[in-house]
Amino acid sequence: MIAWLLELKFLYPWAFGLLAIIPLLVLWYIFRRNRLRPALQLPKLPGSKPIKQSLRLRFFHSMFVLRCIGLVALIIALARPQISSDKTDTNIEGIDIVLSLDISSSMLSEDFHPNRIEAAKDVALKFVEGRPQDRIGLVVFSGESFTQCPLTIDHRVLKELFKEIKSGIIEDGTALGDGLGTAVNRLRTSKAKSKVIILLTDGVNNTGFIDPMAAADMAREFGIRVYTIGVGTMGTAPYPFQTPFGVQYQQIPVEIDEPLLQQIASATGGKFFRAVNKDKLEQIYSEIDKLEKSKIEVLSYSRRDEKAFLFIIIALILLAFELLMRNTIYRTIP
């Protein structure tokens, strides 16, 4: 009951100024009762017992109390008490994103710390964490490609599958067209208004069944934007070779087909980026994150339930009860 009263809001709070009438009524009632007292009072006789007040006399002032409470209830009703039911509907239009990640042996180069593939996984996971409303899938490729995780909103599962990625789990090579084509296949039936592929590689297309530009044309036909990222420092990068004497490093040339990656991005309305270190890769994902924002529509509305009628009923009951007592139990004969 107390919690219910605390939820009340009043449309006309100025009406509470009328409560000043109550103290005036109390003063008038006291003054009137004093005037009705007998002017001459006889002293009590020694040994006489005090006269006990009857129940009727004890509750005589209850009529005035009922009248005051009834008036308070009427004033509260005049202030228009209401309870607001506020509600917010949030409509989130998410984006479907597929990350297509190169896991060829060259991704083990250590120009990124600890190497390209681990750096790419780490930055991609942070990107996933920042987009809780989007469905995200994962495709991996080297000499061939496959779907590591279909589109899902369960990012916990996606993160676990990310951890299982390593170089060497499929045939080596760089099949850019296959990696892009598999990602397109995952998005072609998507109903999302915005569909995105982030294609990350460190090499040159040298194998596969699908031509990279043919895959780009398919992406464009299905309304998919492709952001391409070339990872690798300029010049050469240290690559670990396993020898009978342990791991030895050699500097190998960094070859990234930037013109092809730019053509793929341009053909699909996306953008090409070059990451020469992990910090730059993080900046690229941050920029993509800003370019592809989910649309959020928030509709707020409130409903007001009038409670004045309840206080009017209380006031009428109290005033009617007072009138009934005055004309029955406490009726006076003129």
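Begin by selecting helix 11 and colouring Phe309, Leu316, Ile317 and Leu323, which are exposed on one side of this helix in the predicted model. Now add Ala308, Phe311, Ala315, Leu318, Glu322 and Met325, which are the buried residues of helix 11. These buried residues cover an arc of only 130° around the axis, which puts them on the same side of helix 11, while the exposed residues just coloured lie on the other side. Before moving on, look along the length of helix 11, which takes in residues 308–327: at 1.5 Å a residue its 20 residues should span 28 Å, and its end C-alpha atoms are 29 Å apart, which agrees.

Next, show the whole chain as a cartoon, where you can look for 11 helices and 11 strands. Of the 334 residues in the protein chain, 38% count as buried.

Now select the six strands that form an open sheet, and follow them in the order 5-4-3-6-7-10, noting that the pairing is mixed. At the edges stand strand 5 (145–152) and strand 10 (272–275), each with a single partner strand, so one side of each is left without a neighbour in the sheet. From one strand to the next, the twist averages 15°. Within this sheet, zoom in on strand 3 (residues 96–102) and strand 4 (residues 135–141), which run parallel and are joined by seven bridges; if you label Ser100, you will find that it stands opposite Val139 in strand 4.

Keep the sheet on screen and add two helices that lie across its strands. Helix 6 (residues 155–163) lies across strand 3, strand 4 and strand 5, and runs at about 160° to strand 5. Helix 10 (residues 278–291) lies across strand 3, strand 6 (195–201), strand 7 (224–231) and strand 10, and runs at about 155° to strand 10.

With these elements in view, turn on the side chains of Leu99, Phe162, Ile198, Leu200, Ile229, Leu281 and Tyr285, which touch the most other members of the largest nonpolar core, a group of 35 residues. Strand 3, helix 5 (116–129), strand 4, helix 6, strand 6, strand 7, strand 10 and helix 10 each supply at least two residues of this core, and helix 5 gives the most, with eight residues. Centre the view on Tyr285, and, leaving out residues up to four places away in sequence, you will find that it touches Leu99, Val123, Ala124, Phe127, Ile198, Leu200 and Ile229. Apart from this core lies another, of 24 residues, among them Leu180, Ala183, Ile197 and Val254.

For a different kind of pairing, select strand 8 (residues 236–243) and strand 9 (residues 246–253), which pair in the antiparallel sense over eight bridges. These two strands form a hairpin, with two residues between them, and one pair to label is Gln242 with its bridge partner in strand 9, Val247.

Finally, select Leu19, which lies in the loop between strand 1 (9–10) and helix 2 (21–35). Is Leu19 buried or exposed? With a relative accessible area of 30%, Leu19 is partly exposed. Leaving aside its neighbours within four places in sequence, Leu19 is in contact with Val72 and Ile75. Although Leu19 and Val72 are 53 residues apart along the chain, their C-alpha atoms are separated by 6.8 Å. Across the protein chain, among contacts with a separation of 6 or more, residues 24 or more positions apart account for 81%.

Methods: Residues numbered from 1 in each chain as written. Predicted model: local features only at pLDDT ≥ 70, side-chain atom pairs only at ≥ 80, totals over all residues. Heavy atoms only, no water. Pairing = 2+ DSSP bridges. Helix = DSSP H or I, 4+ residues; strand = E, 2+ residues; numbered from the N terminus. Axes fitted to C-alpha atoms, helices over the stretch in contact; angles between N-to-C directions. Contact = heavy atoms within 4.5 Å. Expected span 1.5 Å × (residues − 1). Buried < 20%, exposed > 50% of the residue type's maximum accessible area, 1.4 Å probe, protein only. Arc of directions from axis to C-beta. Core = buried A, V, L, I, M, F, W, Y, C linked by side-chain atoms within 4.5 Å.
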